[in-house]
Amino acid sequence: MTDDAPDASSDDAALFRLAMQGVRLQPPSPRVSARADAPAPVPQPRQRQADELEALRSLLDAEPDEIESGDTLLYRAPGVQDAVMRRLRRGHYRIEAELDLHGLNRDRAKLAVAQFLARCHHRDQRCVRIIHGKGNGSPNSGPVIKALLGSWLRRRKDVLAYCSARAVDGGTGAVYVLVRAL
């Protein structure tokens with residue numbers, strides 16, 4: 001570069017200053033954090049939380065079916081074969097885990113069932129027994145937990161089928177549950 005040549009950077013700077021004449025700096029926006037080094041907030045999965053809350057509300061609002069203490073519980077999801085259901089009713093599947101709901105109120109029983117089925121998934125247990133009782137200790141209203149349990153299990157996507165147990169395993173006071181592999 002020769003000494004006679006005009007400096008391009010000085011021309012650019014002069015042009016920039018000319019273009020910026022009369023421009024004033026704006027005050028910082030109150031909506032923007034003053035600290036640039038502040039950590040970003042942790043994202044919250046609001047829609048998922050809302051969906052889970054709505055699912056819990058709908059389960060709590062549901063009215064249980066009227067079930068007498070001697071009535072059997074029976075359900076199978078679409079696609080479950082007759083042979084699978086027959087084997088379940090006859091007790092041919094090995095029971096891998098068990099939950100006893102005796103003495104629990106409806107809220108604690110519901111939580112216990114949800115936690116129990118989550119553990120079964122984690123441990124890869126596919127056939128379980130839930131003992132709900134026959135409702136003999138319920139005052140005049142019949143088997144409350146039994147009716148609720150049938151309703152809760154029917155709404156779960158991870159339950160393939162359930163039926164009342166054989167007499168040696170609790171009869172109409174317990175159910176065998178087939179849990180879907182996820």
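This report walks through a predicted model of one protein chain, from its overall layout down to single residues.

## The big picture

Let's start with the whole chain. It has 182 residues, and buried ones make up 30% of them. Its secondary structure comes to 5 helices and 5 strands. If you follow the sequence from start to end, the elements come in the order α-α-β-α-β-α-β-α-β-β.

How does the chain connect with itself? Take the contacts between residues at least 6 apart in sequence: 68% of these join residues at least 24 apart. As for the outside, the chain exposes about 13100 Å², and carbon and sulfur atoms supply 52% of that area.

## A greasy spot on the surface

Here is a nonpolar feature you can look for. F16, M20 and V23 make up a nonpolar patch on the surface, and together they have about 310 Å² of accessible area. One of its members, F16, sits in helix 1, which covers residues 8-19. F16 counts as exposed because its relative accessibility is 53%, and the cut-off for that label is over 50%.

## Charged pairs

Side chains of opposite charge can pair when their charged atoms come close. Searching the whole structure turns up 8 salt bridges. One of them joins E52 and R48, with N and O 3.8 Å apart. Both residues belong to helix 2 (residues 46-61), and they are 4 residues apart, about one turn of the helix. That spacing fits a general rule: an α-helix has 3.6 residues a turn, so residues three or four places apart point the same way. E52 is partly exposed, at 47% relative accessibility, while R48 is exposed, at 51%.

Now for a pair that reaches across the sequence. R129 and D169 form a salt bridge, with their closest N and O atoms 3.1 Å apart. R129 is in strand 3 (residues 127-131) and D169 is in the loop between strand 4 (159-164) and strand 5 (174-179), so this pair ties together parts that are 40 residues apart in sequence. R129 is buried, with a relative accessible area of 14%. These two residues also have company: E98, R129, R166 and D169 are linked in a network of salt bridges.

Another bridge joins D158 and R156, at 2.7 Å from N to O. Is D158 buried or exposed? D158 counts as buried because its relative accessibility is 9%, and anything under 20% gets that label. Its partner R156 is partly exposed, at 26%.

## A closer look at helix 4

Helix 4 is a nice one to check with a ruler. At 1.5 Å a residue, its 17 residues should span 24 Å, and the C-alpha atoms at its ends are indeed 24 Å apart, so the two values agree. Which residues of helix 4 are buried? They are A109, K110, A112, V113, F116, L117, C120 and H121.

Both ends have something to show. At the start of helix 4, a side-chain oxygen of N105 comes to within 3.2 Å of the backbone nitrogen of D107. Just after the helix, D124 has a positive phi of about 60 degrees. Q125 is found in the loop between helix 4 (106-122) and strand 3. Q125 is buried, at 13% relative accessibility. Leaving aside neighbours within four places in sequence, Q125 is in contact with E96, A97, R119, C120 and V179.

## Two more buried residues

I145 belongs to helix 5 (residues 144-155) and is buried, with a relative accessible area of 12%. What does I145 contact, leaving aside neighbours within four places in sequence? The list is L101, L104, N105, R106, A109 and H132. I145 and D107 are 38 residues apart along the chain, and 9.9 Å separates their C-alpha atoms.

Finally, find G173 in the loop between strand 4 and strand 5. G173 is buried, with a relative accessible area of 4%. G173 and G133 are 40 residues apart in sequence, yet 4.2 Å apart in space from C-alpha to C-alpha. Not counting residues up to four places away in sequence, G173 touches I131, H132, G133 and K134.

Terms used. Residues numbered from 1 in each chain as written. Predicted model: local features only at pLDDT ≥ 70, side-chain atom pairs only at ≥ 80, totals over all residues. Heavy atoms only, no water. Salt bridge = Lys/Arg side-chain N within 4 Å of Asp/Glu carboxyl O. Helix = DSSP H or I, 4+ residues; strand = E, 2+ residues; numbered from the N terminus. Buried < 20%, exposed > 50% of the residue type's maximum accessible area, 1.4 Å probe, protein only. Patch = residues over 30% accessible without salt bridge, like charges linked within 9 Å, V, L, I, M, F, W, Y side chains within 5 Å. Areas by Shrake-Rupley, 256 points an atom, 1.4 Å probe, with all protein chains shown as cover. Contact = heavy atoms within 4.5 Å. Expected span 1.5 Å × (residues − 1). Polar contact = N/O pair within 3.5 Å; in protein donor to acceptor, adjacent residues only side chain to side chain.
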